[in-house]
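Here is a friendly walk through one model, starting with a pair of packed helices and ending with the chain as a whole.

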Amino acid sequence: MVVSVRPENMKRINTPELAEAFIAEQIKALREQIGNKKVLLALSGGVDSSVVAALLIRAVGDQLTCVHVNHGLLRKGEPEQVIEVFRNQMKANLIYVDAVDRFLDKLAGVSNPETKRKIIGGEFIDVFAEEARKLDGIEFLAQGTIWPDILESEAGIKAHHNAGGLPEDLQFELVEPVRILFKDEVRTVGKALGLPDSMVFRQPFPGPGLGVRCVGAITRDRLEAVRESDAILREEFAKNGLEGKVWQYFTIVPDFKSTGIKDNKRTYDWPVVIRAVNSVDATSATIEEIPYALLGHITGRILSEVKGVNRVLYDLSPKPVATIEWE
Ligand code: XMP
């Protein structure tokens, strides 16, 4: 039977044993719900959709088709990791859609943050719907809805996008195997399912991805500066014991330039802003005190390795007054 409401007395899933029990229960429920029919899942590589994919692979194997849309705003190495983990290791039926040009062309010249978000969200649905129409006999749509999503939509805080807002002709029955779980429980289940730590314990990452960190109208070269500087920051945080300690950290490249000097010539390039914050639920955030020497080292790497950049800044603003993201 599919349980859609978290039972009041449900024990927090915080041990491998409890996770295994949940997995066994869900596999049974998923097999009952799905039978021999086909299921579709938009797999972003985030914790929730990855755990849903891993659960469904165990329950119904190749009756599941995963669609991974690369919108060009993912972090360095993310699409490759999704392919490696799900297609190569878990043998999932994975459709990889390279929609990079399509998204970036649509976003060209658009500077308003809300318009950018709407374009990214709308285009995502269009791409996913096109892929769904190419497939025959899909009856179910799996989603990584979790319990806080339900609570927040009930409280009117957040609109819970049921079925991802798919068009009328694509009406599927929903499969939501982690619907009654809190985030920490999803992680415990993901670990028990054998997903890599880099996927299970990863920091929050917004749906519009690097798009909200490439401030203003996105250009490919500035987006590349965001992606490369973010990769350096993540690598250095991992090497220096800050990964898993700091709640969220990333870089931003604003849409303005300043003068600098390189090889005895004047340059006119972008700054990279580093942001590293601690939070419990993202409604407020404090600044991580990164050791100065490490900041200096990261600055040196960014200035020598990232094209088009001549300054590195550290954002000292807590939330409120600032938000965590820059857009
Ligand atoms: P802000 O910038 O509002 O962010 O302080 C709070 C948290 O939410 C994430 N965030 C988003 N997540 N879609 C998402 O899925 C979005 O459009 C979005 N905007 C912000 C942000 O990364 C932070 O963890």
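The crossing of helix 9 and helix 10 is right-handed (a crossing is left-handed if the near helix is turned anticlockwise from the far one by less than a right angle, and right-handed if clockwise). Helices here are DSSP runs of H or I with at least four residues, strands are E runs of at least two, and both are numbered from the N terminus. This is a predicted model, in which local features need pLDDT of at least 70 and side-chain atom pairs count only at pLDDT 80 or more, while totals for chains, interfaces and linings use all residues. Residues are numbered from 1 along each chain as its sequence is written.

Helix 9 covers residues 220–239 and helix 10 covers residues 292–305; they pack at an angle of about 145 degrees, with axes 10 Å apart. The axes are lines fitted to C-alpha atoms over the stretch in contact, with angles running from 0 to 180 degrees between N-to-C directions. From helix 9, Glu228, Ser229, Ile232, Leu233 and Glu236 meet a set in helix 10 that includes Leu294, His297 and Arg301 (contact: C-beta atoms, placed from the backbone, within 7 Å).

Two other helices sit inside the structure. A residue counts as buried if 20 or more other C-beta atoms, placed from the backbone, lie within 10 Å of its own.

| Helix | Buried residues | Glycine just after, with positive phi |
|---|---|---|
| Helix 2 | 12 of the 14 residues | glycine 61, about 50 degrees |
| Helix 7 | 7 of the 10 residues | glycine 194, about 90 degrees |

Helix 2 is largely enclosed by the rest of the structure, because 12 of its 14 residues are buried. Among them are Val47, Ser49, Leu55 and Val60. Helix 2 reaches 20 Å from its first C-alpha to its last, close to the 20 Å expected at 1.5 Å a residue (that is, 1.5 Å times one less than its number of residues).

Helix 7 (residues 183–192) is also largely enclosed. Its buried residues include the charged-looking names Glu185 and Arg187 alongside Val186 and Val189. They pack against helix 1 (16–34), helix 2 (47–60) and helix 8 (197–200).

Now the whole chain, with its 10 helices and 10 strands. Its radius of gyration is 21 Å, close to the 20 Å that the globule rule gives for 327 residues, so the chain is as compact as a globular protein of that length (taken over C-alpha atoms; the rule is 2.2 Å times the number of residues to the power 0.38). Buried residues make up 35% of the 327.

Technical notes:
Two residues are in contact if their C-beta atoms, placed from the backbone, lie within 7 Å.
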